[in-house]
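Let's look at how plain cut-offs turn coordinates into words such as "buried" or "salt bridge". Have a look at the model first, and then we can reason through some labels together.

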Amino acid sequence: MNELIGQLSDVLWTYVLMGVLVACGLWFTWKTRGVQFRMLGEMVRLLSDSAVAQSSSTTNSPSSSKTHISSFQAFAVSVATRVGTGNLAGVATAIAIGGPGAVFWMWVIALLGAATAFVESTLGQLFKKHHHGSFIGGPAYYIERGLHCRWMACLFAVLMTITFGLSYNSIQSNTICGAMHEAFGWDETLVGVVLSAMALVIVFGGIHRIARVSSVLVPVMAIGYFILALVVVVMNIHLVPHVLKLIVGGAFGLEQGAGGALGAAIMNGVKRGLFSNEAGEGSAPNVAATALVSHPVKQGLIQSLGVFTDTLLVCSCTAFVILISGLYNVPELNGIALTQAALSSEIGHFAQVFIAVAIFLFAFSSIIGNYYYGEANIRFMTSRGSVITIYRIMSGGVMVMFGAMASLQLVWNLGDLCMALLTTCNLVAIVTLGKYAFRLLNDYRQQKRRGIKDPVFHRSQLPEIADDLECW
């Protein structure tokens, strides 16, 4: 079964998804005139502006802003799912299989994917709905309301629930248990039981508890890991030119012995890059839609910044530590074990303990964020409480335990297959609906040029789809 899943995944990635992802990234970058580069300063300003949610509450919803999550909290939840196993174990796996050149292709997919992330999250905001005093939305909603295609919307919702709520949670659990075993010798099954219990407590608390937990964990874990990796890089600053040479040379088959592995470098760089930053996958729009903002473009810009935060900062930290250590050519090391060994070689045995704790924070925050993505899509299909309860048990309990007991290869192959199917479905939708994101971006820029500090959108500005825009 594992072999069959791996073969299906390779076919989809090789012949369909890699080319489509790059083509979409280039298209969105051109149509938005490089929004991910030109408006980087605006992204940072919006994220740091604590008054965004309050200033927009009267124009976006009659409900009190206290019933909604803030723009920063929505960013934190989405980064919680991005900054996780993909940054530590995923990067290591990409380098172990694809060589140093895989890092370059992770950077490329991030730079292009930031424009894709902007489009999908802007659409998530545009087509969101009111839900029990808050908002709910995502690709299933913009497919149904924008494309008027219920069957495709339901297909995406099913794929999203399976991919994030079930498959990805098993990957996160597998990595946590592996890290704890490497550092402390703890039994994976016992760790899985404890992890499942913790996850169930939080997921039964709903999105507000998830947002609160993530907004605390994400900055702490990202900053802490980034500082430690930066210390390692500074300590080995003389090796940085050599590391960059390895990355660029491997990316184009210029290094000795790298020519035959060029395809593996591209494949693994793109796959692990997408798993880590999720640009185009359709996940971030689910939580982007829950934020209270005055203009859809605001959350699109903030979610685009999340791609840079994930890949260009956190993933690069892991890659540099591994390449500086020189352990990426050791056949016995892969996944989280390679990251632990690389960091240990630079700062001592303490690194194994630190990575075990870090991966717990990274991956656990991803588990609770992944859960929400699944719940949002189940609620799209049905509002029955019993279905939600069963899903919570499956996501926070059963699949977390499955990941603790399954092999590393099985959980990653299953995740890659689900990711390919999910991303293909979402890309079809955002390429078709992208024209609305482009118009919204033009409107936002025009308001800024007129001196309006806090642009506001109303559905009358898109009269042809005004009836489909519930919250504007």
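Q: What makes R145 and E470 a salt bridge?
A: The closest N and O atoms of R145 and E470 are 3.1 Å apart. A salt bridge needs a side-chain nitrogen of Lys or Arg within 4 Å of a carboxyl oxygen of Asp or Glu, so the pair R145 and E470 qualifies. In general, side chains of opposite charge can pair when their charged atoms come close.

Q: Before we go on, what kind of model is this, and which atoms and residues count?
A: This is a predicted model, where local features need pLDDT of at least 70 and side-chain atom pairs count only at pLDDT 80 or more, while totals for chains, interfaces and linings use all residues. Residues are numbered from 1 along each chain as its sequence is written, and side-chain values use heavy atoms, with hydrogens and water left out.

Q: Why is R145 called buried, and what is E470 called?
A: Buried means under 20% relative accessible area, exposed means over 50%, and partly exposed lies in between (1.4 Å probe, protein chains only). R145 has 16%, so R145 is buried. E470 has 31%, so E470 is partly exposed.

Q: Why can we say that R145 and E470 tie together parts that are far along the chain from each other, and how many residues apart are they?
A: R145 lies in helix α8 (residues 139–146) and E470 in the segment after α19 (408–449), so the pair ties together parts that are 325 residues apart in sequence. Helices here are DSSP runs (H or I, at least four residues), numbered from the N terminus.

Q: How do you know that D454 and K298 form a salt bridge?
A: Their closest N and O atoms are 2.0 Å apart, so the pair meets the rule given above. D454 lies in the segment after α19 and K298 in helix α15 (residues 296–325), so this pair ties together parts 156 residues apart in sequence. K298 is buried at 1% relative accessibility, and D454 is partly exposed at 27%.

Q: What makes R45 and E42 a salt bridge, and where do they lie?
A: Their side chains meet at 3.0 Å, N to O. Both lie in helix α3 (residues 40–48), three residues apart, about one turn of the helix. E42, R45 and K448 are linked in a network of salt bridges. By the same rule, the count comes to eight salt bridges.

Q: Why are α8 and α9 called roughly antiparallel?
A: Helix α9 covers residues 150–184, and α8 and α9 pack at about 175°, with their axes 8 Å apart. Axes are lines fitted to C-alpha atoms, for helices over the stretch in contact, and angles run from 0 to 180 degrees between N-to-C directions. Angles under 35 degrees count as roughly parallel, over 145 as roughly antiparallel, 65 to 115 as roughly perpendicular and the rest as oblique. The two helices are therefore roughly antiparallel.

Q: What is special about phi of H148, and why is H148 called exposed?
A: Phi of H148 is near 55°, a positive value in a residue other than glycine. Most residues other than glycine have a negative phi. H148 sits in the loop between α8 and α9, and its relative accessibility is 55%, so H148 counts as exposed.
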